[in-house]
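Here is a walk through one protein chain. Keep the sequence and the 3D view side by side as you read.

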Amino acid sequence: MNIRIYGVLSVFTLISFFSCKSDQKQMVMPPPTIPTVEVVNKDVVSYRTFPVSIEGKVNNAVRAKISGYIAQVFVDEGQMVTKGQPLFRLETNVQSQDANAARSGVSAAQANIEAAKASVSAAQVEVDKLTPLVERNIVSNVQLETAKANLMRAQGQLEQAKAARKQASSSYSAVAANVNYGIVRSPITGVVGAINFREGSLVGPGDQMPITTVSETSEVYAYFSMNESQYFDFLEQTPGKDVSEKLKNMPEVDLFLPNGRQYAAKGKIKTVTGQINPQTGTIQFRATFPNKEQILSNGNSGKVQIPVMHKGVLVVPESAAFEQQGATYVYRVGKDTVTNIPIKVIARVHNMVLVESGLKTGDIVVAQGTGKLKPGAAIKPVPTSMDSIVNAIKPIF
């Protein structure tokens with residue numbers, strides 16, 4: 001009886017053993033199917049973006065040349081004005097009174113001239129009358145010399161009267177100019193900015209804040225800064241023997257407005273300051289943009305985008321790269337297993353990573369699903385085209 005029971009137990013034990021072995025075989029999973037791409041060389045354009053501040057080509061601060069209260073404002077903010085156009089009128093009662101007094105001084109000086117001329121004429125007549133009488137010894141020579149002395153005195157008084165009139169005229173011109181300065185005119189053709197003072201405000205030449213600013217904005221300047229590292233990249237990567245030549249060789253740039261829209265016209269970088277700002281560690285560039293439609297205004301902001309051409313650079317999809325401890329890696333495929341390889345990135349553009357080092361042309365890398373893998377993992381590679389991976393990547397907002 002016991003032998004029979006032991007036999008039955010042995011049979012059950014063997015069945016259980018082979019059943020476990022079968023289950024273990026079923027639990028071994030095949031390697032995952034992973035899309036892969038071949039590392040290739042491409043010509044790629046990347047972009048550097050910098051914030052800009054926009055100013056008119058010419059910005060003239062409008063100030064009063066004399067002190068006075070603003071009596072009238074002829075223009076409004078944002079209005080297009082021409083050179084010499086009246087902008088403001090100042091109260092000039094005091095200046096007008098001074099001008100009237102100076103004009104009276106000129107009239108008095110002219111009257112003195114006329115009186116002096118009459119004296120000269122009378123003295124000349126006396127000399128002309130006595131000269132022949134002295135020659136015939138009818139009168140003494142003393143009378144003639146006295147007449148000549150009177151003539152010289154009259155001529156001197158005439159010159160003094162002329163000098164007085166000249167001084168009076170100069171005084172009048174100065175006072176009259178002050179009256180004319182009561183009309184504040186536009187120094188250039190351009191657009192009126194913010195009007196800081198209006199009717200009733202006292203303004204003068206010593207004011208720190210101008211009455212307004214007129215900006216010539218048919219062209220505008222977009223100012224932006226690079227740090228030292230970016231500046232030396234510019235020097236090394238841009239063809240040309242000096243900075244001036246490098247600026248000429250730089251491509252045209254795009255301007256993006258604060259609403260994200262691209263400005264229609266392209267600009268050109270034309271100048272760079274000659275030294276690094278010690279406070280900010282940056283160097284300033286200036287790009288010029290046409291502005292015939294007057295879309296851009298003095299004080300606008302935006303972003304300038306500078307294209308950079310990379311010829312024959314190694315590229316992998318953005319989805320192939322991943323970050324670990326501050327470094328960038330990809331999984332390179334060899335014999336159906338993956339190895340994490342550190343790479344040095346030049347730029348990221350159009351859903352692609354531009355690779356400076358770490359890979360070579362023809363390497364096979366994991367294109368997607370890097371988060372599910374570990375170094376040394378086995379995979380079943382599925383060769384996929386670079387374009388299909390890159391075009392399938394959608395931006396995340």
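The paragraphs below take up confidence, then the cores, then the salt bridges, then two backbone angles.

This is a predicted model, so start with how far to trust it. The mean pLDDT of the chain is 84. Of its residues, 85% reach 70 or more. Confidence is highest in strand β10, residues 254-256, at a mean of 96. Helix α1, residues 2-27, has the lowest mean, at 50. Within that stretch, residues 5-9 stay under 50. The model gives residues 5-9 zero contacts beyond four places in sequence. Where pLDDT is low, the predicted coordinates should not be read in detail.

Now turn to the interior. The largest nonpolar core has 23 residues. Which of them touch the most other members? They are Phe224, Met226, Ile269, Phe285, Phe289 and Ile306. Several elements feed this core. β2 (40-62), β9 (212-227), β11 (268-272), β12 (282-290) and β13 (301-317) each supply at least two residues, and so does helix α4 (228-237).

Phe285 is a good place to look around. Leaving out residues up to four places away in sequence, Phe285 touches Ala222, Tyr223, Phe224 and Met226. Its other contacts are Tyr231, Phe234, Leu247, Ile269, Thr271 and Val272. A second core is separate and has 17 residues. Among them are Ala64, Val73, Val184 and Ile211.

Next come the charged pairs. How many salt bridges does a search of the whole structure find? It finds ten. Take Asp387 and Lys42 to begin with. Their closest N and O atoms are 3.3 Å apart. Asp387 sits in helix α6 (residues 386-392), and Lys42 sits in strand β2. The two are 345 residues apart, so this pair links distant parts of the chain. Asp387 is partly exposed, at 45% relative accessible area. Lys42 is also partly exposed, at 27%.

Strand β2 takes part in another bridge. Lys57 in β2 meets Glu219 in strand β9, with N to O at 3.5 Å. Because the partners lie in these two strands, the pair ties together parts that are 162 residues apart in sequence. Glu219 is partly exposed at 26% relative accessibility, and Lys57 is partly exposed at 38%.

A third bridge joins Asp363 and Lys360. The closest N and O atoms are 3.1 Å apart. Is each partner buried or exposed? Asp363 is buried, with a relative accessible area of 8%. Lys360 counts as exposed, at 52%. Elsewhere, salt bridges with shared partners join Asp76, Glu77 and Arg198 into one network.

Finally, check the backbone at two loop residues. Asp336 lies in the loop between β15 (327-334) and β16 (337-349). Its phi is near 65°, a positive value in a residue other than glycine. Asp336 is partly exposed, at 42% relative accessible area.

Asn351 lies in the loop between β16 and β17 (352-357). Asn351 has a positive phi of about 65°, although it is not a glycine. Asn351 is partly exposed, with a relative accessible area of 29%.

Definitions and conventions:
Residues are numbered from 1 along each chain as its sequence is written. This is a predicted model: local features need pLDDT of at least 70, side-chain atom pairs count only at pLDDT 80 or more; totals for chains, interfaces and linings use all residues. Side-chain values use heavy atoms; hydrogens and water are left out. A nonpolar core is a set of buried Ala, Val, Leu, Ile, Met, Phe, Trp, Tyr and Cys residues joined through side-chain atoms within 4.5 Å. Buried means under 20% relative accessible area, exposed over 50%, partly exposed in between (1.4 Å probe, protein chains only). Helices (H or I, at least four residues) and strands (E, at least two) are DSSP runs, numbered from the N terminus. Contact means heavy atoms within 4.5 Å. A salt bridge is a side-chain nitrogen of Lys or Arg within 4 Å of a carboxyl oxygen of Asp or Glu. pLDDT is the predictor's confidence in each residue, from 0 to 100.
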